[in-house]
Amino acid sequence: GNQLPVLGRYTGSLDNGGEEIELVDAVGGVIQRFEYEDDWFDLTDGSGFSLTVRDPAGSADLSSKSAWRSSVYADGSPGEDDSGEVPEPGSVVIKELPAGTCR
């Protein structure tokens, strides 16, 4: 979002096989450390979709698949919240009701 204090863009590349990520502050203090796995979601394994944290303000273990979901759009949506744009995997979605069933 517009209120995030981003100081620069990451210009490296992440391992498509998964790896450990460590975010540090200006004096080397660890802000966050976690691991991700390449095979957590089919869409994020070579199809152009990124891993997105389900609850950025939460305290979930980011080394756990349950803390992540795939982005809604190919190439991700950096700085934007795309949650709620599609149902969570496994959700039941009713798209149509037969005529005369709603009162």
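This section describes the fold, the side-chain pairings and the surface of a predicted model.

The chain contains 0 helices and 4 strands, and its elements follow the order β-β-β-β from the N terminus. Of its 103 residues, 18% count as buried. The accessible surface amounts to about 8,400 Å², and carbon and sulfur atoms supply 50% of that area. Among the contacts with a sequence separation of 6 or more, 26% are accounted for by residues 24 or more positions apart.

Strands E1 and E2 pair in the antiparallel sense, with 7 bridges between them. The two strands form a hairpin with 5 residues between them, in which glycine 28 adopts a positive phi near 90 degrees. Within this pairing, glutamate 22 stands opposite arginine 33 of E2. The side chains of glutamate 22 and arginine 33 also meet in a salt bridge, at 2.5 Å from N to O. Glutamate 22 belongs to strand E1 (residues 18-24) and arginine 33 to strand E2 (residues 30-37), and the two residues are 11 apart. Both partners of this bridge fall in the intermediate range of accessibility: glutamate 22 is partly exposed because its relative accessible area is 41%, and arginine 33 is partly exposed because its value is 44%.

In total, the structure holds 2 salt bridges. Besides the pair in the hairpin, the side chains of arginine 69 and aspartate 82 meet at 2.4 Å, N to O. Arginine 69 is located in strand E4 and aspartate 82 in the segment after E4, so this salt bridge ties together parts that are 13 residues apart in sequence. Arginine 69 and aspartate 82 are both buried, whereas glutamate 22 is partly exposed and arginine 33 is likewise partly exposed.

Strand E4 also contributes to an aromatic contact. A search of the whole structure returned 1 aromatic pair. It is formed by phenylalanine 34 and tryptophan 68, whose ring centres are 5.6 Å apart and whose planes lie at 40 degrees, so the pair is classed as tilted. Since phenylalanine 34 is in strand E2 and tryptophan 68 in strand E4, the pair ties together parts that are 34 residues apart in sequence. Phenylalanine 34 counts as buried because its relative accessible area is 10%, and tryptophan 68 counts as buried because its relative accessible area is 7%.

The segment after E4 includes tyrosine 73. With a relative accessible area of 41%, tyrosine 73 is partly exposed. When neighbours within four places in sequence are left aside, tyrosine 73 is in contact with Phe49, Asp82 and Glu85. Of these partners, aspartate 82 is the residue that forms the salt bridge with arginine 69. Tyrosine 73 is also 8.5 Å from glycine 48, C-alpha to C-alpha, although the two are 25 residues apart in sequence.

Leucine 97 likewise lies in the segment after strand E4 (68-70). It counts as exposed because its relative accessibility is 51%, and the cut-off for that class is over 50%. Together with Val92 and Ile94, Leu97 forms a nonpolar patch on the surface, and the three residues have about 360 Å² of accessible area together.

Terms used
Residues numbered from 1 in each chain as written. Predicted model: local features only at pLDDT ≥ 70, side-chain atom pairs only at ≥ 80, totals over all residues. Heavy atoms only, no water. Patch = residues over 30% accessible without salt bridge, like charges linked within 9 Å, V, L, I, M, F, W, Y side chains within 5 Å. Areas by Shrake-Rupley, 256 points an atom, 1.4 Å probe, with all protein chains shown as cover. Salt bridge = Lys/Arg side-chain N within 4 Å of Asp/Glu carboxyl O. Buried < 20%, exposed > 50% of the residue type's maximum accessible area, 1.4 Å probe, protein only. Contact = heavy atoms within 4.5 Å. Pairing = 2+ DSSP bridges. Phe/Tyr/Trp six-rings, centres within 6.5 Å; stacked < 30°, edge-to-face > 60°.
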